[in-house]
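Me: I've never looked at this one before. Could you walk me through it in a few questions and answers?

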Amino acid sequence: MKPINYDYEPLNEYTIPLPGEPDYTNAGVIKAVGKYGEKYSVGKIEYQTFFNEEYQYIITPYWDVIDGLDSSVFQGIPGITMELRLEKYYRVNMQPVFITERSPSRNREDLWELMESVGLDYYDRFEWLIRTSLTCGNDNLIVERYRDSPDTFTYREALANPDCLQYGDRVVVPSQSSISRNPSVYTEKLLQLLGAGVVVTFEKENMQIDRENRDSIMMILRQQYYAGRILRGNRQKEGIDRAKKRGQYRGRKRIPVDAGKLESVRELFHNKKITEKQAMERLGIASRSTFYRRLRESGKD
């Protein structure tokens, strides 16, 4: 892993950490969402308030994960000078760009509708961000809630629910074949673990993947994973083309959506009273592309 800068001198009052213990802390994990929906934990973001009404945001990049990604997946955290490679970035008594560009400000007309859409009856743009699954139009980053302390999982627990994993967690695997004997499945599952930032220990092979070697292994896994997805996509397309020539392909079965419900959800969504995720759940649609296609087909979008 490339060296991290621990000796940076703050430039101004907005980057000097506040002294003392905060009276309130909330934290989330910043994740980059890949082309196929895979998630990579690229940093932790904390919001702290103090009794004197001062506050600060602390962004801690997960450099060992970041170094295993390329620009097609991760272009940086907005407002942060990634070239400095700091251990932590501070924004004191000011809202960082990362927050302001993806959460509602106080002067929005529909502010309280947005707060209520995620179950908030008070104004908290950071908590609002954690409770949504929306990405900003400029990037592919989301924020999920941070768990207070690292934990240890069996490989079965980890593979069954990779979204429960967090940077610093430990996963003990009896052997590499325990993950899967299928090379493509093995690649996908191990990439999920490393993308979450967990430490993986293979007992039989006496091997461990951690901060020291995660980036190089992730690079290889990502290349294999993307190549495999492209190959499977090409094979599927070839199969569809052959079926079309034989007159045997009719496409995927269309998901039925009640017209009245679609109209109701469309109005709520466009008035920002419900999130994209909530709109899709109400319509029983799992695909974003299908969701927006149905909106277009309604003739009003």
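Reply: Sure, here are some questions about the sheet, two loop residues and the pockets; bear in mind that the model is predicted.

Me: Let's start with the sheet. In what order do the 4 strands of the open sheet come?

Reply: Strands of a sheet pair through backbone hydrogen bonds, either parallel or antiparallel. Here the pairing is mixed. The edge strands, each pairing on one side only, are E6 and E9 (207-209). Going across, the order is E6-E7-E8-E9.

Me: How far are neighbouring strands of this sheet turned against each other on average?

Reply: The sheet in question is the open one with 4 strands. Ignoring direction, its neighbouring strands are turned against each other by an average of 20°.

Me: Which residue of E7 stands opposite Thr154?

Reply: Strand E6 covers residues 152-154 and runs parallel to E7, with 3 bridges joining them. E6, helix H5 (residues 155-160) and E7 also make up a right-handed β-α-β unit. Across from Thr154, in E7, you'll find Val172.

Me: And on the E8 side, which residue stands opposite Val173?

Reply: E7 pairs with strand E8 (residues 199-202) over 4 bridges, in the parallel sense. One bridge partner in E8 is Val199, which goes with Arg170. For Val173, the residue opposite in E8 is Phe202.

Me: Which residues make up the covered face of strand E7?

Reply: In a regular strand the side chains alternate between the two faces of the sheet. In E7 (residues 170-173), Arg170 and Val172 belong to the uncovered face. The covered face has Val171 and Val173.

Me: Now the loops. Is Glu53 buried or exposed?

Reply: Glu53 sits in the loop between strand E2 (39-49) and strand E3 (55-61). Its phi is near 75°, a positive value in a residue other than glycine. Most residues other than glycine have a negative phi. With a relative accessible area of 73%, and exposed meaning over 50%, Glu53 is exposed.

Me: What about Arg85, is that one buried or exposed?

Reply: Arg85 belongs to the loop between helix H1 (63-66) and strand E4 (89-92). This residue has a positive phi too, near 50°. Its relative accessibility is 13% and the cut-off for buried is under 20%, so Arg85 counts as buried.

Me: On to the pockets. Which helix gives the most to the lining of the largest pocket?

Reply: The largest pocket has a volume of about 710 Å³. Of its 24 lining residues, the closest to the centre are Ser133, Leu134, Ile142, Glu276 and Lys277. Helix H4 (125-131), strand E5 (141-145) and helix H10 (276-283) each supply at least two residues of the lining. With 5 residues, the one giving the most is H10.

Me: How many charged residues are in that lining of the largest pocket?

Reply: Sorting the lining by class gives 9 nonpolar and 7 polar residues. The charged ones number 8.

Me: And how many nonpolar residues line the second largest pocket?

Reply: This pocket has a volume of about 390 Å³. Among its 21 lining residues, Arg108, Leu114, Trp128, Leu134 and Lys272 are the closest to the centre. Helix H3 (111-117), H4 and helix H9 (259-270) each supply at least two residues of the lining. By class there are 6 polar and 6 charged residues, and the nonpolar count is 9.

How values were computed
Residues numbered from 1 in each chain as written. Predicted model: local features only at pLDDT ≥ 70, side-chain atom pairs only at ≥ 80, totals over all residues. Heavy atoms only, no water. Buried < 20%, exposed > 50% of the residue type's maximum accessible area, 1.4 Å probe, protein only. Pairing = 2+ DSSP bridges. Right-handed = clockwise from strand over helix to strand, strands pointing away. 1 Å grid on protein atoms, 1.4 Å probe; cavity = no way out; pocket = protein on both sides within 12 Å on 5 of 7 lines; lining within 4 Å. Points joined across faces, edges and corners; volume = space filled by probe spheres on them. Nonpolar A, V, L, I, M, F, W, Y, C, P; charged D, E, K, R; others polar. Axes fitted to C-alpha atoms, helices over the stretch in contact; angles between N-to-C directions.
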